[in-house]
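Visitor: Could you walk me through this model? I have some questions ready.

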Amino acid sequence: MNVFKRVLCGLLILLLAAASIPSARQERSASALLLSGPDEADPDSTLPVLEAPLEPAILAHRGASGYRRENTLDAFRLAGELDADLVELDVRETSDGQLAVIHNAAVGVRKVADMTLAQLQSVRPGVTTLEDALRCIAGTEMDVMIELKTSGVERQALDCAQTCGMFERALFASFSTDVLNAIQALSPDARTVYLVREKAVLNSLIRMPEQMDYDVVAAKYTLLSAAKVRALHQEGRRVIAWTVNNVPDLRLIAAMGVDGIITDYPDRARG
């Protein structure tokens with residue numbers, strides 16, 4: 001073999017070897033990016049600017065709720081089977097101090113806060129506790145986003161995540177800055193997500209980023225644009241879009257460079 005052929009073969013071997021080793025960015029292109037801070041994502045950078053992931057993390061909205069009853073263990077298990085990266089779930093406190101995984105404040109005319117867990121489960125079969133939900137998710141490769149629907153349960157939710165071995169795999173989300181501030185005060189290492197449904201609030205966060213000290217912004221998808229996602233990345237914030245269900249919108253939102261997409265149909269997001 002002449003020298004030219006040996007050099008060519010050597011270059012080909014190096015290229016093949018490099019292609020077989022996933023880049024750090026590829027390895028962290030899904031939920032790991034959401035669960036890491038700017039310094040962790042790029043320890044050699046002194047700037048908070050974040051790059052968009054190669055692919056956004058897929059968050060199963062209340063589990064795979066397009067196919068199963070929302071916020072149930074069945075919906076969480078199916079989310080794992082459909083290759084979701086995280087499960088998003090909702091938490092409310094019952095009258096006996098239990099953390100129930102349920103979205104609505106009331107079932108019929110009865111408020112969740114006025115019922116014991118047993119009473120709630122009698123009128124809404126399938127309602128689970130946060131502990132049982134986290135233990136279910138802990139047995140999968142998925143992480144979790146815990147939305148706290150009410151204040152006063154921050155310590156209990158944090159302790160539950162620790163007990164179930166899910167604290168390092170959890171995001172704590174709320175529309176309430178009071179709840180998020182309480183989470184940060186109780187546990188500075190907790191990863192916080194500010195949920196945004198109003199255009200004025202999102203624009204304010206972009207114009208005056210110093211007013212927000214949370215790790216992730218999760219905005220209603222119709223509020224987002226590629227420019228807004230870039231602006232939030234430049235301030236070191238991860239961006240999640242919610243709740244995106246049809247395929248054209250899923251493709252459009254992914255192309256904006258968001259870090260995560262919340263959807264009722266994790267399989268559609270993968271397609």
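Visitor: Are Y194 and Y214 buried or exposed?
Guide: Happy to start there, and please keep in mind that this is a predicted model. Y194 belongs to strand β9 (residues 191-196), while Y214 is in the loop between α10 (199-207) and β10 (216-220). Buried here means under 20% relative accessible area. Both Y194 and Y214 are buried.

Visitor: How many aromatic pairs does the structure hold?
Guide: Rings count as a pair if their centres lie within 6.5 Å. On that basis, the number of aromatic pairs in the structure is four.

Visitor: What kind of pair do the rings of Y67 and Y265 form?
Guide: The ring centres of Y67 and Y265 are 5.2 Å apart. Planes over 60 degrees apart count as edge-to-face. The planes of Y67 and Y265 stand at 90°, so this pair is edge-to-face.

Visitor: How many residues apart in sequence are the parts that the pair of Y67 and Y265 ties together?
Guide: Y67 sits in the loop between β1 (57-61) and α5 (73-81). Y265 sits in the loop between β12 (260-263) and α13 (266-270), so the parts tied together are apart in sequence by 198 residues.

Visitor: Is Y265 buried or exposed?
Guide: The cut-off for buried is under 20% relative accessible area. Its ring partner Y67 has 37% relative accessibility and counts as partly exposed. Y265 has 18% relative accessibility, and therefore counts as buried.

Visitor: What charged end sits over the ring of Y265?
Guide: The charged group lies 3.7 Å from the centre of the Y265 ring. It belongs to R268.

Visitor: Which residue lies over the face of F175?
Guide: This is another case of a charge over a ring, with a distance of 3.9 Å from the ring centre of F175. The residue is R197.

Visitor: Where do the buried residues of α8 lie around its axis, on the same side or on opposite sides?
Guide: In helix α8 (residues 154-163), the buried residues are E154, A157, L158, C160 and A161. They cover an arc of only 160° around the axis, so they lie on the same side.

Visitor: Which elements do the buried residues of α8 pack against?
Guide: Both helices and strands take part in this packing. The helices are α7 (130-138) and α9 (177-186). The strands are β3 (99-101), β7 (143-148) and β8 (170-174).

Visitor: Which residue just after α8 takes a positive phi?
Guide: The phi in question is about 70°. The residue that takes it, just after α8, is G165.

Visitor: Why is β8 largely enclosed by the rest of the structure?
Guide: In a regular strand the side chains alternate between the two faces of the sheet. In β8, A170, F172 and S174 are buried on one side, and L171 and A173 are buried on the other. The strand is largely enclosed because its buried residues number five of the five.

Visitor: How many residues of β7 are buried?
Guide: D143, M145 and E147 are buried on one side of β7. V144, I146 and L148 are buried on the other, so to speak completing the cover of both faces. The strand is mostly covered, with its buried residues counting six of six.

Visitor: In what sense do β7 and β8 pair?
Guide: The two strands are joined over four bridges. I146 stands opposite F172 in β8, and E147 stands opposite A173. The sense of the pairing is parallel.

Visitor: Over how many bridges do β2 and β7 pair?
Guide: Strand β2 (residues 86-93) pairs with β7 in the parallel sense. One of the partnerships joins L86 to D143 in β7. The bridges between β2 and β7 number six.

Visitor: Which elements do the buried residues of α10 pack against?
Guide: The buried residues in α10 are L202, N203, S204 and L205. Their packing partners are β9, β10 and α11 (226-234).

Visitor: What separates the C-alpha atoms of E198 and A219?
Guide: E198 is found in the loop between β9 and α10. It is partly exposed, with a relative accessible area of 46%. E198 and A219 are 21 residues apart along the chain, and their C-alpha atoms are separated by 8.3 Å.

Methods:
Residues are numbered from 1 along each chain as its sequence is written. This is a predicted model: local features need pLDDT of at least 70, side-chain atom pairs count only at pLDDT 80 or more; totals for chains, interfaces and linings use all residues. Side-chain values use heavy atoms; hydrogens and water are left out. Rings of Phe, Tyr and Trp (its six-membered ring) pair if their centres lie within 6.5 Å; planes under 30 degrees apart count as stacked, over 60 as edge-to-face and the rest as tilted. Buried means under 20% relative accessible area, exposed over 50%, partly exposed in between (1.4 Å probe, protein chains only). A charge sits over a ring if NZ of Lys or CZ of Arg is within 6 Å of the ring centre and within 35 degrees of the ring normal. The arc is that of the directions from the helix axis to the C-beta atoms. Contact means heavy atoms within 4.5 Å. Two strands pair if DSSP finds at least two bridges between them.
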